[in-house]
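Trainee: Mind if I grill you on the labels for this model? I'd like to hear the reasoning behind each one.

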Amino acid sequence: MSLKYILSALVASQAVFAAPDCGDTKIKTQSDADAINTCETIKGDITIDKSYSGDLRIDGVEKITGGLVCSGGQNVSSISASLLTSIGKGFDLEGLTTLTLLDFAQLDSVGSINFEALPKLQSLTFGGDGVTKAGDVIIANTGLVDLNGISLKTVGIFSIQNNRDLKTININNLQNASDLISFSGNFDTLEIDLPNLGTGTNMTFQNISSISLPSLEKLTGQLGFWGTKFETFSAPNLTQTGDLIFKDNSKLSNISMPVLKTVDGGFTIARDDKLSTISLPMLQRVNGAIDFSGTFNKLALGALKDVEGSFNMQSTRGNFSCDDLSKLKSDDVIKGNFKCDATTNNPTTSNGKSGTSSSTSSGSSSTSSGAAFMTGANVPVVGLAAIFGALAQLL
């Protein structure tokens with residue numbers, strides 16, 4: 001056998017010996033990352049060890065079938081993967097307290113995103129069009145000022161919590177959410193724009209200053225707003241939702257849902273002290289209870305045909321007739337207990353809690369008459385010109 005042949009065989013055997021297996025990979029140093037640069041696909045997970053320090057570059061990998069994970073890497077300052085297009089499972093980063101940069105210029109698809117306790121991370125660099133495919137997205141306790149780089153059409157859970165610098169969220173492509181959309185504890189004047197979201201499950205919002213939902217048509221679960229800073233809420237195309245809740249929204253003066261027909265649950269309005277008019281001209285059916293308390297003086301429920309639960313209507317200055325509402329009870333439109341007081345000093349919710357932010361004691365409910373209960377024939381169109389509003393989150 002010639003020396004040339006022997007040398008060639010030896011080189012080939014060494015190359016095979018040195019080739020990475022491209023399976024589950026743990027990265028403790030940059031050398032560990034360099035060792036998989038010839039792998040286009042990692043068939044498993046890449047785990048960044050919590051001992052890693054400094055900048056991390058994953059240069060050759062284009063696809064990870066498993067997850068990209070790091071927990072407790074307090075000295076990881078940046079992570080970049082210039083060719084990576086997809087992560088099959090979770091993109092999970094937790095407790096990377098000095099991380100300032102995520103640079104994934106080609107990333108388009110991930111199984112899920114879970115970012116928590118990344119206080120120095122202010123922005124995301126994801127792909128030309130951003131991440132367009134993901135299951136759940138959970139982002140909490142980061143330094144992000146926006147969510148640019150997330151351009152999903154559909155999402156499961158979309159939970160954005162306690163990101164104190166997050167000022168704007170604009171996800172133009174989002175059309176459907178199959179699980180909870182939730183915002184709370186972010187920058188206190190957070191503005192949310194979801195212009196193409198048409199359907200979803202549960203949506204809850206807290207301490208935001210505006211929200212735009214012009215395309216929303218149907219929710220199968222709860223729509224709830226607590227402690228928001230918006231003045232108007234407009235859902236011009238919403239026809240059906242589950243529980244519907246407006247509580248403790250100190251600036252809310254206008255609710256516009258002109259085509260809402262069905263609430264598949266309870267409908268609560270309480271402690272929204274600047275709300276003077278409640279006009280729901282197309283509302284026909286509430287499958288739970290109606291519980292309205294506050295300082296409103298006009299009420300329009302002229303299309304109401306069925307309330308399966310109880311009915312509590314209390315206001316400090318109502319210019320509506322409890323006699324007309326009582327007729328809905330006698331006609332069996334309202335199936336549950338009935339309470340109405342249009343001019344009580346201490347309006348309360350159905351469970352006896354204060355119905356206004358200034359009221360401190362429970363008042364007994366009585367049946368009284370005001371000037372006029374607005375029917376479908378004479379109800380004014382309230383709030384149709386209202387721009388987009390905002391909402392708030394589960395307690």
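Trainee: Let's start with serine 293: which strand does serine 293 lie in?

Mentor: Serine 293 sits in strand β32, which covers residues 290-294. Keep in mind that this is a predicted model.

Trainee: Why does serine 293 count as buried?

Mentor: Its relative accessibility is 1%. Buried means under 20%, so serine 293 qualifies as buried at 1%.

Trainee: And which residues is serine 293 in contact with, leaving aside neighbours within four places in sequence?

Mentor: Ile269, Ala270, Arg271, Gln314, Pro347, Thr348, Thr349 and Gly355. A contact needs heavy atoms within 4.5 Å.

Trainee: How much of the whole chain is buried?

Mentor: Buried residues make up 50% of the 395 residues in the protein chain. The secondary structure comes to 3 helices and 36 strands.

Trainee: Which residues touch the most other members of the largest nonpolar core?

Mentor: Phe233, Met257, Phe267 and Met313, out of 101 residues in that core. Strand β10, residues 109-118, gives the most to this core, with 4 residues.

Trainee: What does methionine 257 touch?

Mentor: Skipping residues up to four places away in sequence, methionine 257 touches Phe233, Ala235, Leu238, Leu244, Phe246, Phe267 and Leu280.

Trainee: Now the rings. How many aromatic pairs does the structure hold?

Mentor: There are 15 aromatic pairs. Take phenylalanine 91 and phenylalanine 126, with ring centres 6.2 Å apart and planes at 45°.

Trainee: What makes the rings of phenylalanine 91 and phenylalanine 126 a pair, and why is the pair called tilted?

Mentor: Two numbers settle that, because a pair of aromatic rings is described by the distance of the centres and the angle of the planes. Centres must lie within 6.5 Å, and here they are 6.2 Å apart, so the rings pair. Planes under 30 degrees apart would be stacked and over 60 edge-to-face; 45° is neither, so the pair is tilted.

Trainee: Where in the chain are those two rings?

Mentor: Phenylalanine 91 is in strand β8 (residues 86-94) and phenylalanine 126 in strand β11 (residues 125-126). They are 35 residues apart, so the pair links distant parts of the chain.

Trainee: How do you know whether phenylalanine 91 and phenylalanine 126 are buried or exposed?

Mentor: Phenylalanine 91 has a relative accessible area of 0%, and phenylalanine 126 has 2%. The cut-off for buried is under 20%, so both residues are buried.

Trainee: What about phenylalanine 296 and phenylalanine 320: what kind of pair do they form?

Mentor: A stacked one, at 5.7 Å centre to centre with 15° between the planes. Stacked calls for under 30 degrees, and 15° meets that. Phenylalanine 296 is in the loop between β32 and β33, while phenylalanine 320 is in the loop between β35 and α3, 24 residues apart. Phenylalanine 296 counts as buried at 1% relative accessibility, and phenylalanine 320 is buried at 0%.

Trainee: Which residues form the aromatic cluster?

Mentor: Phe158, Phe183, Phe205, Phe225, Phe230, Phe233 and Phe246 form one cluster.

Trainee: What is phenylalanine 183 doing in strand β17, and which faces of that strand are covered?

Mentor: Both faces of β17 (residues 181-184) are covered. Ile181 and Phe183 are buried on one side, and Ser182 and Ser184 are buried on the other.

Trainee: What makes strand β14 and β17 a pair?

Mentor: Pairing takes at least two bridges, and 4 bridges join β14 (residues 158-161) to β17, so they pair, running parallel. Isoleucine 160 stands opposite phenylalanine 183 there. β17 is also joined to β20 (residues 203-206) by 3 bridges, again parallel, with phenylalanine 183 opposite phenylalanine 205.

Trainee: Why are β15 and β21 called edge strands?

Mentor: They belong to an open sheet of 3 strands in the order β15-β18-β21, with parallel pairing. β15 (168-170) and β21 (208-212) each pair on one side only. Strand β18 and β21 pair over 4 bridges, and isoleucine 192 stands opposite isoleucine 211 in β21.

Trainee: One last item: what makes lysine 167 a charge over the ring of phenylalanine 187?

Mentor: Lysine 167 lies over the face of phenylalanine 187, 5.3 Å from the ring centre. The distance limit is within 6 Å, so 5.3 Å passes.

Terms used. Residues numbered from 1 in each chain as written. Predicted model: local features only at pLDDT ≥ 70, side-chain atom pairs only at ≥ 80, totals over all residues. Heavy atoms only, no water. Buried < 20%, exposed > 50% of the residue type's maximum accessible area, 1.4 Å probe, protein only. Core = buried A, V, L, I, M, F, W, Y, C linked by side-chain atoms within 4.5 Å. Phe/Tyr/Trp six-rings, centres within 6.5 Å; stacked < 30°, edge-to-face > 60°. Lys NZ or Arg CZ within 6 Å of the ring centre and 35° of its normal.
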